2 protein chains.
Amino acid sequence: MVAPHTPDPLLGLPGYALRRAANAMMSELAGLLAAIDLKISDASVLLLVQNRTDMTSSEIGKILDIQRANMVPLLARLETLGLIDRLPIDRKSQAIVLTQTGQTRLAQVQDITTRFEQDLMARIPAAHRPHFLPALHALTAKPAT
Amino acid sequence: MVAPHTPDPLLGLPGYALRRAANAMMSELAGLLAAIDLKISDASVLLLVQNRTDMTSSEIGKILDIQRANMVPLLARLETLGLIDRLPIDRKSQAIVLTQTGQTRLAQVQDITTRFEQDLMARIPAAHRPHFLPALHALTAKPAT
DNA sequence: TATTGTTATACTCTATAACTATA
DNA sequence: TATAGTTATAGAGTATAACAATA
């Protein structure tokens, strides 16, 4: 999915503009990560479990907003790729940890995402730039639900 | 999909924060629009074709970034709901226009979205607020691809 | 009793290829 | 030759229910 270059009368709506910006960002980042055979969700997991040996599948899912059931194929894929290992915590839970290969891949993820995030911010005019993350965080932290 | 209340170390990444904010916004808006039996894409089409009698399915798709093929079930649904009508432009193209029922439903969409967009902006601290839309537009308008 | 990991399944959204009829 | 509308289909991503084993 690529952003069109068609005039769009709905872009005045903040919610609509937010979705469009997120979609454009997601497809661009997905393209970059495809070069190292990872999806965005894969990369998120690698970034999340780095330097930790106590994160279970359920915890990862809660943080990344992925259902327990949907973590199964995701982690199975990372395991097949040799990027993660499972260490028993007790007889019920297991910690998801990076393998050596996983650490190497993580370094590539960090290269790509660091450069990408810098690129993203660079596209925002300097006057608006410092306000962007705080605004997003204000939207994500929803009021008393 | 609902936003979790779990600390999330990845929220420092602008791209990640952008996706999270967009997802939270989308699921909230989807919930509001469900009250009038519309999806976000349905509402987008109604908002887009208002006051126009010359928008074809293909054009709508280009603007909203929806494939021609995927417009078919979307418009079929709106037609079944009695919200749109198709007027022949020539023997190949047809204009998508609102029916009377469609105009009424559009008014409800505008009520919901106007209030929602105001709510969204109100959640952003005043100092950041005027910078939000310009920043999103800067991200959506991609550089020379 | 609640939670972890899992299976199975379904639904939505999106993407691609191909066809026809018309411009 | 290119475009509009369509069909069919496949792949993601996401959602729910249920189960066994364990806390």
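Reader: Where in chain B is B:Leu10 found?

Author: Look at the segment before helix 1 of chain B, and you will find B:Leu10 there. Keep in mind that this is a predicted model.

Reader: Why is B:Leu10 called buried?

Author: Its relative accessible area is 7%. Buried means under 20%, so B:Leu10 earns the word.

Reader: And what does B:Leu10 touch?

Author: Setting aside residues up to four places away in sequence, B:Leu10 touches A:Ser44, A:Leu47, A:Leu48, A:Leu64 and B:Tyr16.

Reader: What makes B:Asp37 partly exposed?

Author: The value for B:Asp37 is 43%. Partly exposed runs between 20% and 50%, so B:Asp37 belongs in that class. You can find B:Asp37 in the loop between helix 1 and helix 2 (40-49) of chain B. It has a positive phi of about 60°, although it is not a glycine.

Reader: How do you know which class B:Asp65 falls into?

Author: We use the same cut-offs, from 20% to 50% for partly exposed. B:Asp65 has 26% relative accessibility, so it counts as partly exposed. Its place is the loop between helix 3 (57-64) and helix 4 (68-80) of chain B. Phi of B:Asp65 is near 65°, a positive value in a residue other than glycine.

Reader: Why is A:Pro130 called exposed?

Author: A:Pro130 has a relative accessible area of 55%. Exposed means over 50%, so the name fits A:Pro130. This proline is found in helix 6 of chain A.

Reader: How far apart are the C-alpha atoms of A:Pro130 and A:Phe116?

Author: They are separated by 17 Å, and the two residues are 14 residues apart along the chain. A:Phe116 is one of the buried residues of helix 5 of chain A.

Reader: How do you know that the length of helix 5 of chain A agrees with what a helix should span?

Author: Helix 5 covers residues 100-123, which is 24 residues. The expected span is 1.5 Å times one less than the number of residues. For helix 5 that gives 34 Å, and its end C-alpha atoms are 35 Å apart, so the two agree.

Reader: Which residues of helix 5 of chain A are buried, and what covers them?

Author: The buried ones include A:Leu106, A:Val109, A:Ile112 and A:Thr113, along with A:Arg105 and A:Glu117. Their cover includes helix 1 (14-34), helix 2 (40-49), strand 2 (94-98) and helix 6 (129-140) of chain A. Chain B is part of the cover too, through its helix 1 (14-34) and helix 6 (129-140).

Reader: Which residues have the most contacts inside the largest nonpolar core?

Author: They are A:Leu18, A:Phe132, B:Leu18 and B:Phe132, in a core of 83 residues. Leaving aside neighbours within four places in sequence, B:Phe132 is in contact with A:Leu18, A:Phe132, A:Ala135, A:Leu136, A:Leu139, B:Met121 and B:Ile124.

Reader: What is the overall picture of chain A?

Author: Chain A has six helices and two strands. Along the sequence they follow the pattern α-α-α-α-β-β-α-α. Its C-alpha atoms fill a box of roughly 55 × 40 × 25 Å, taken along the principal axes. Buried residues make up 46% of the 145 residues in chain A.

Reader: How many positive and negative side chains does chain A have?

Author: There are 15 positive and 13 negative ones, and the centres of the two sets lie 5 Å apart.

Technical notes:
Residues are numbered from 1 along each chain as its sequence is written. Chains are lettered from A and ligands numbered from 1 in the order in which they are written. This is a predicted model: local features need pLDDT of at least 70, side-chain atom pairs count only at pLDDT 80 or more; totals for chains, interfaces and linings use all residues. Side-chain values use heavy atoms; hydrogens and water are left out. A nonpolar core is a set of buried Ala, Val, Leu, Ile, Met, Phe, Trp, Tyr and Cys residues joined through side-chain atoms within 4.5 Å. Buried means under 20% relative accessible area, exposed over 50%, partly exposed in between (1.4 Å probe, protein chains only). Contact means heavy atoms within 4.5 Å. Helices (H or I, at least four residues) and strands (E, at least two) are DSSP runs, numbered from the N terminus. Lys and Arg count as positive and Asp and Glu as negative; His and the chain ends are not counted. The place of a charge is taken as NZ of Lys, CZ of Arg, CG of Asp or CD of Glu.
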